[in-house]
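Thanks for coming. I will go through some charged pairs and then one pocket.

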Amino acid sequence: MLVRERLMDRGEHVSMAWAGIREGLKRDCGARLFDHWLKPIMLAGVSDKADVVRLTLPTEFHANWVRAHYADRLLLAWRAAMPTIREVRIEVAPSDVVTRIYTADEAESVPAAPPAPGFDARQTFERFVVDDENRVACNAAKALAAGELRFSPLFIHSATGQGKTHLMNAIGAAYRARVPGAAILFMSAERFMVEFVSAMRDKDTLAFKQRLRSADLLMIDDVQFIAGKGSTQEEFLHTLNELTSSGKKVVISADRAPQALDGVETRILSRLASGLVVDIKPATFALRLKIVKAKLAGMSDVQMPEAVAELLAARIQTSVRELEGALNRLTAYALLNDRAIDLAFAQEVLGEMLNASTRRITIDEIQRAVSAHYGMRQAEMVSARRARAVARPRQIAMYLAKRLTPRSLPEIGRRFGGRDHTTVIHAVKQIERLRGEDADLDADVRSLIRQLEA
């Protein structure tokens, strides 16, 4: 049976094509550029003849940049996915989705509360797959959205692609459902900086301040990018103080704990840490497998053997976002080519992604790197010494061996002087806990991971 006969209406076909295009852009352009400029692009629709695609962005500034740098690339990608496409239109989203800054002259004639932003309908609490790695963060987010969390700000931190933005979208949507008239602002730290600088250039900072401080719920994503911007940090601090002191809710996300943010003023760090700080740990194999199965549950036309789901969960370890992208790509290729999904097909479609995600770091390399970092002999990694100066680096090495290699717990234990697998489990849990409490240790671990993965 042909794909178009068994599969989907045109809307589903277009959505699947767009998911594949987005994943390709992220892979080719890199996560940072994609997150800053291309991630906000939304698919607005396709013409009746399926020859014109409409894409929207939140601001004219965003739209102009994408037109100038990616218009041709987007057209080529769409033509590759859907040969009928002849034009890609890049537009600004309707005003009911995009918030704007009013000028000083307009400020008195408009409502104090800014329009509510649009939230990704796919990123709800119901679709957030929970396990031990993210349970506390999810529960805190739900409590804030329900008005049951007295702490503010709520600070959520994790490595890239582990679910921070999903939780923020879920908070916004649930908060708006509970308080329909609430003024909600959701923006990246970069957008905060761009709009503040623009307001200063236009001598319109009063309207900018009024807009932010009239929010009932303010959410700032990726606050680490605000580092080093003096005047912007000053305004950010004043906004935090104003909102929290008046009982408003603030949610902040970052890729590390407040104490580990570089280039951020001490006063801001203190304010960020004064609320509730929660982290999302890297997804384990068990959580990654749960995520794959949860996504498959919503794809009634897709049949995937357990072995393929386990392959994805085992090999795509970098981030949940990359895991979901791999799943989308695999299912799209299967549907568009009318192929059954099996291990051979998964290897064919995802070969590069699977190989890129396979870590080839050895335990010996980890022991050498950790020993050199802490100025100790590698032989002490396998010794019986229990002095803290040796035991802590040994635990870090065990933690890295579990995270960066496919070796089993018993095998890791054997490589560290014949220790039992329960010792390895204890070391992993200990370092995971300390990373959230000790900024120096967390920085050491991050440095070692970068060094080993380079």
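**Salt bridges and a pocket**

Glu87 has a relative accessible area of 35%, so this residue is classed as partly exposed. Keep in mind throughout that this is a predicted model. The partner of Glu87 is Arg89, and the two form a salt bridge with their closest N and O atoms 3.1 Å apart. Arg89 is partly exposed too, at 38% relative accessibility.

How many salt bridges are there by this rule? The count is 23. As background, side chains of opposite charge can pair when their charged atoms come close.

Next, a pair between helices. Arg211 and Glu195 meet through their side chains in a salt bridge, at 2.8 Å from N to O. Arg211 belongs to helix 9, residues 205-213, and Glu195 to helix 8, residues 189-201, so this salt bridge ties together parts that are 16 residues apart in sequence. Are these two residues buried or exposed? Both Arg211 and Glu195 are buried.

Helix 9 has another residue to show. Arg213 makes a salt bridge with Glu235, with an N to O distance of 2.7 Å. Arg213 sits in helix 9 and Glu235 in helix 10, residues 230-245, so here the parts tied together are 22 residues apart in sequence. The two ends of this pair fall into separate classes of exposure. Arg213 has 25% relative accessibility and counts as partly exposed, while Glu235, at 4%, counts as buried. The cut-off for buried is under 20% relative accessible area, and that is why Glu235, at 4%, is in that class.

Some salt bridges also share partners: Asp131, Asp132, Arg135 and Lys290 are joined into one network in this way.

Now the pocket. The second largest pocket has a volume of about 430 Å³. Its lining has 21 residues, and those closest to the centre are Ala17, Gly20, Ile21, Ala81 and Tyr333.

Which helices supply at least two residues each to this lining? They are helix 2 (10-29), helix 4 (60-81) and helix 14 (320-336). Helix 2 gives the most, with 10 residues. By residue type, the lining of the second largest pocket divides into 11 nonpolar, five polar and five charged residues.

Where does the second largest pocket lie with respect to the domains? Domain 1 (1-102) and domain 3 (285-357) both contribute residues to its lining, so the pocket lies between these two domains.

That is the end of my part.

Notes. Residues numbered from 1 in each chain as written. Predicted model: local features only at pLDDT ≥ 70, side-chain atom pairs only at ≥ 80, totals over all residues. Heavy atoms only, no water. Salt bridge = Lys/Arg side-chain N within 4 Å of Asp/Glu carboxyl O. Buried < 20%, exposed > 50% of the residue type's maximum accessible area, 1.4 Å probe, protein only. Helix = DSSP H or I, 4+ residues; strand = E, 2+ residues; numbered from the N terminus. 1 Å grid on protein atoms, 1.4 Å probe; cavity = no way out; pocket = protein on both sides within 12 Å on 5 of 7 lines; lining within 4 Å. Points joined across faces, edges and corners; volume = space filled by probe spheres on them. Nonpolar A, V, L, I, M, F, W, Y, C, P; charged D, E, K, R; others polar. Domains from an automatic or database assignment.
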